[in-house]
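Take a look at the fold below. We will walk through it step by step.

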Amino acid sequence: MPLALVTNDDGIDSAGLHALALAALEAGLDVIVAAPADQASGASAALSAVRRDGRTIVESRQFFDLDVPAWAVHAQPGHIVAAALNGWFDPRPDLVLSGINHGANVGRAVLHSGTVGAALTAKISDTRALAVSLDVALHPTGERHWGTAAGLLAPVLELLFDAPDGTVLSLNVPDLPPSQVGPLRHARLARGGAVQTRVEEVRDGGVRLREVEVTDEHDEDTDAALLDAGHPTLTELRSVEADDGDRVHTWLAARSDRA
């Protein structure tokens, strides 16, 4: 069976991580859980860690009710994935599953997400990865529908395993019961994200920031718009890849002609 590393940025004790690991087991995968010991949201693909005698601090854990190897790591998600795919585990994980994040990861703001950062770190090692996020409000009430997102894992894995090595997919799911969710849709990234950081106060010696929910209208084929309309969205992400360089070539050629 393929071996999946299950991680996140909400921490080892999060309900979304448990839901994702359980769904991976039910999909027939072997599972290793390694996640931050503490909240690490907004970490992007950072590689920072807490070290003792030069070694990242790792603690073995009993992971809820699941009989899987599990570690709480005093490090950011990107660090965990980099270690897992470059010698920590034998055998090496075949894919990375990151989430289920407490909050949507949509738009170009996915750059800042530790959940997405973990998946994109897998891409650097030519490993398939899936980031899963639940569209939880900034100040939520009521129950969370982790099962709605977990229920989409198996069909999305079919696509992921048929894709080339290094493919990274981002799945965003409405925080609704399955009966209230529309069909899964392909989506491009919106310009902004679901939540943005704004400056609230500037004083001598410091700046106070706060998070606010975005109320802007989005183009109808974007992840933010489709998610607002009740659709789970699936987007392939590409990062740390150069384009064909036409702009740079043209500029250099012009400089050469002027010399």
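Contact means heavy atoms within 4.5 Å. Helices (H or I, at least four residues) and strands (E, at least two) are DSSP runs, numbered from the N terminus. This is a predicted model: local features need pLDDT of at least 70, side-chain atom pairs count only at pLDDT 80 or more, and totals for chains, interfaces and linings use all residues. Residues are numbered from 1 along each chain as its sequence is written, and side-chain values use heavy atoms, with hydrogens and water left out.

Start with helix 1, residues 15–26. Its 12 residues should span 16 Å, because the expected span is 1.5 Å times one less than the number of residues. The end C-alpha atoms lie 17 Å apart, which agrees. Buried residues (under 20% relative accessible area, 1.4 Å probe, protein chains only) in helix 1 include Leu 17, His 18 and Leu 20. Among the elements that cover them are strand 2 (30–36), helix 4 (146–150) and helix 5 (153–162). Just past the helix, Gly 28 has a positive phi of about 95°.

Now the sheet. It is open, with nine strands in the order 5-6-2-1-7-8-9-13-10 and mixed pairing. Strand 5 (58–60) and strand 10 (185–186) are the edges. Each has a single partner strand, so one side of each lacks a neighbour in the sheet. Strands pair if DSSP finds at least two bridges between them. Strand 10 and strand 13 (residues 233–237) run parallel, joined by two bridges. There, Arg 185 stands opposite Thr 233.

Helix 1 packs on this sheet, touching strand 1, strand 2, strand 7 and strand 8.

Definitions and conventions. Buried < 20%, exposed > 50% of the residue type's maximum accessible area, 1.4 Å probe, protein only. Axes fitted to C-alpha atoms, helices over the stretch in contact; angles between N-to-C directions.
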